[in-house]
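User: Hello! I am new to this structure and would love a close look at one part of it, the disulfides. Could you walk me through them?

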Amino acid sequence: LCVDDLAACQPFDVDTPAPTDRCGACRALVPDLEFVAKRAGLHTAAGASKTRAWLREALGGVCDDAPFRHARPLAVESFCEGLFDAHEDDVVAAVDSFYAAVRALEIPSLDLEASICVVAGACAADAVKDARAAAEL
């Protein structure tokens, strides 16, 4: 906000660079979705009682919160808004499915990056992490 929007601050040397493409923005967004889901307890046994309507509402503010989670939020915030406009049902289903597998102590069939960024067309399949391949190491 201070650096990009208001030009009131100078970025620090340790400042994270802004994503330069849709894939980078999507990969930067996925931890935000994970944070919101975990904060809401979706990974716990009690999370099984949450409905998709509830999850849709919980994830609804993630785009507005991008400036609080990213040093240079414009690309992430813009991508997030477009993602939810075009693929909200897919995002909600991916997060719900991912955490259902986590609660069942299973390795999810797709990592959230793959199930969101690849399905939304933001990343090529080889550009995202693979939960199953990581588990096999």
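To begin, how many Å apart are the sulfur atoms of the disulfide that Cys63 and Cys80 form?

Analyst: Happy to help! Please keep in mind that this is a predicted model. In the disulfide of Cys63 and Cys80, the sulfur atoms are 2.0 Å apart. Cys63 lies in the loop between helix 2 (52-59) and helix 3 (66-69), while Cys80 belongs to helix 4 (residues 74-103), so this bond ties together parts that are 17 residues apart in sequence. The torsion about the S-S bond is about -80°, which makes the link of Cys63 and Cys80 left-handed. As for their surroundings, both Cys63 and Cys80 are buried.

Now let us place this bond among its companions. The structure holds 3 disulfides. Another one is formed by Cys26 and Cys117, with sulfur atoms 2.1 Å apart. Here Cys26 sits in helix 1 and Cys117 in helix 5, so the bond connects parts that are 91 residues apart in sequence. With -95° about the S-S bond, the link of Cys26 and Cys117 is left-handed. Cys26 has a relative accessible area of 0% and is therefore buried. Cys117 counts as buried too, because its relative accessibility is 0%.

The remaining pair to visit is Cys23 and Cys123, joined by a disulfide with an S to S distance of 2.1 Å. This pair links distant parts of the chain, 100 residues apart: Cys23 is in helix 1 (residues 22-39), and Cys123 is in the loop between helix 5 (112-118) and helix 6 (131-136). The link of Cys23 and Cys123 is right-handed, with 105° about the S-S bond. Are these two cysteines buried or exposed? Buried means under 20% relative accessible area. Cys23 comes in at 13% relative accessibility, so Cys23 counts as buried. Cys123 has a relative accessible area of 8%, so Cys123 is buried as well.

Finally, here is a handy way to see how the bonds fit together along the chain. If you number the bonded cysteines in sequence order, the pairing reads 1-6, 2-5, 3-4. In that scheme, the bond you asked about, between Cys63 and Cys80, is the 3-4 pair. To find the others in the viewer, you can start from helix 1, which holds Cys23 and also Cys26. From Cys23 the disulfide leads to Cys123, and from Cys26 the disulfide leads to Cys117.

Technical notes: Residues numbered from 1 in each chain as written. Predicted model: local features only at pLDDT ≥ 70, side-chain atom pairs only at ≥ 80, totals over all residues. Heavy atoms only, no water. Disulfide = S-S within 2.5 Å. Helix = DSSP H or I, 4+ residues; strand = E, 2+ residues; numbered from the N terminus. Buried < 20%, exposed > 50% of the residue type's maximum accessible area, 1.4 Å probe, protein only.
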